[in-house]
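Here is a short briefing to read with the sequence and the 3D view side by side. Take it one topic at a time and find each residue as it comes up.

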Amino acid sequence: MKAFYTDHFVLPLPEGHRFPMEKYSRLRDLVSGEKNIVLVEAPPATDTQILYAHDPSYLIKVIEGKLSLQEQREIGFPWSKQMVERSRRSAGATVAAAKTALREGIAANLAGGTHHAYRDSGSGFCVFNDSAIAARTLQKEISPSLKIAVIDLDVHQGNGTASILQNDDSIFTLSIHGENNFPFKKEESDLDLGLEDGCDDAAYLYALRQSLDQLDSRFKPDCLIFLAGADPHEGDRLGRLKVSTAGMHLRDETVFQYALDRQLSIAFSMAGGYGKEMTSTVDIHFQTIKTALQFQRQY
């Protein structure tokens, strides 16, 4: 199974910044020990690919360093050339994983899941919306008839993805998230399920199965993009849910089994994870990757 990485494109962040940049290199270190996973440096998303999902004036502001201080605060990163390069690579990794998955069943982006980025602005540590870019790129560069479902299981609603793809009948957006968590103004996905604080394994897995049943009855995708956020986990600082490590494993199995049963390719990204202990977040991401590998062999 191919896994696309971007962790060596590091953002220069101020001392004490909340973003867990180190988790990506630690995850790649773990993945490098798996003999059936091939690590591939992510290609950068091109301007053309980014513009499938973003406004030209926003792209120019990002490239030329003309984001206002308020726009940079909204993103959560100070502008730098490294920020632009990393954001391109993170989107390019999901594009590459999605194209690879069409051939090989499953492929991974060891970062990505930047679902708070809107068409004309960034937000919540997200500059470019990799899922929207990848979905549109498949349609533009592989086949215009491809129907794609984005299954977003980060604990925060995929507001940017919902907004960008709102009037697009060829791409289905599903978000299962904490109802009382960021973003506090939610957008309208094709299917939203907001969970109460403290939601446990049983309630979470029931919600997931119900949502996948609804997806099945409403839309027939050709391929899936899966945001496998680690932040529904009970050990997450920002998550507010109470899903155990075993529950997270069952979540991943449920999504991969859904895809396998229908022979749908699946590109997945790590999305959020802000564990009280970084090790717990990295371990959950690694658990997702090992689960994916077991399913990828069955395609």
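R28 is partly exposed, since its relative accessible area is 22% and the buried class ends under 20%. Its salt-bridge partner D7 is a good place to go next, with the closest N and O atoms of the two residues 2.6 Å apart. Please keep in mind that this is a predicted model.

**Salt bridges**

- D7 has a relative accessible area of 10%, so this residue counts as buried, the limit being 20%.
- The pair of R28 and D7 ties together distant parts of the chain: R28 belongs to helix 1 (residues 22-31), while D7 lies in the loop between strand 1 (2-5) and helix 1, and the two are 21 residues apart.
- Why can such pairs form at all? Side chains of opposite charge can pair when their charged atoms come close.
- How many salt bridges does the structure hold? The count is 14.
- Another of these joins R89 to E41, with 3.4 Å from N to O.
- R89 and E41 also connect distant parts of the chain, with R89 in helix 5 (residues 81-104) and E41 in strand 2 (residues 38-41), 48 residues apart.
- Is R89 buried or exposed? R89 is buried, at 14% relative accessibility, whereas E41 is partly exposed, with a relative accessible area of 38%.
- E85 joins in here too: E41, E85 and R89 make up a network of salt bridges.
- E187 and K185 form a further salt bridge, at 3.2 Å from N to O.
- In that pair, E187 is buried at 16% relative accessibility, but K185 is exposed at 58%.

**The sheet**

- In general, strands of a sheet pair through backbone hydrogen bonds, either parallel or antiparallel.
- Which order do the strands follow here? The 8 strands of this open sheet are arranged 2-1-3-8-7-4-5-6, and their pairing is parallel.
- Strand 2 and strand 6 (191-195) form the edges, each pairing on one side only.
- On average, neighbouring strands of the sheet are turned by 15° against each other, with direction ignored.
- For a closer look, try strand 4 (residues 148-152) and strand 5 (residues 171-178), which run parallel and are joined by 5 bridges.
- V150 has T173 of strand 5 opposite it.
- Helix 5 packs on the sheet, where it touches strand 1, strand 2, strand 3 (106-109), strand 7 (223-227) and strand 8 (265-269).
- The direction of helix 5 makes about 170° with that of strand 3.

**The chain as a whole**

- Counting secondary structure, the chain has 10 helices and 8 strands.
- The radius of gyration is 17 Å, close to the 19 Å that the globule rule gives for 299 residues, so the chain is as compact as a globular protein of that length.
- The C-alpha trace spans about 45 × 45 × 40 Å along its principal axes.
- What share of the 299 residues is buried? Buried residues make up 58% of them.
- Among contacts with a separation of 6 or more, 75% are between residues 24 or more positions apart.
- The chain exposes about 11,800 Å², and carbon and sulfur atoms supply 49% of that area.

**Two residues to visit**

- T137 sits in helix 6 (residues 130-141).
- With 0% relative accessibility, which is under the 20% limit, T137 counts as buried.
- Which residues does T137 touch, leaving aside neighbours within four places in sequence? T137 is in contact with Q49, Y52, V95, K99 and I142.
- A207 is found in helix 8 (residues 201-218).
- A relative accessible area of 7% makes A207 buried.
- Apart from neighbours within four places in sequence, A207 contacts I176, L193 and L195.
- I176 and A207 are 31 residues apart along the chain, and their C-alpha atoms are separated by 8.1 Å.

Key: Residues numbered from 1 in each chain as written. Predicted model: local features only at pLDDT ≥ 70, side-chain atom pairs only at ≥ 80, totals over all residues. Heavy atoms only, no water. Salt bridge = Lys/Arg side-chain N within 4 Å of Asp/Glu carboxyl O. Helix = DSSP H or I, 4+ residues; strand = E, 2+ residues; numbered from the N terminus. Buried < 20%, exposed > 50% of the residue type's maximum accessible area, 1.4 Å probe, protein only. Pairing = 2+ DSSP bridges. Axes fitted to C-alpha atoms, helices over the stretch in contact; angles between N-to-C directions. Contact = heavy atoms within 4.5 Å. Rg over C-alpha atoms; globule rule 2.2 N^0.38 Å. Areas by Shrake-Rupley, 256 points an atom, 1.4 Å probe, with all protein chains shown as cover.
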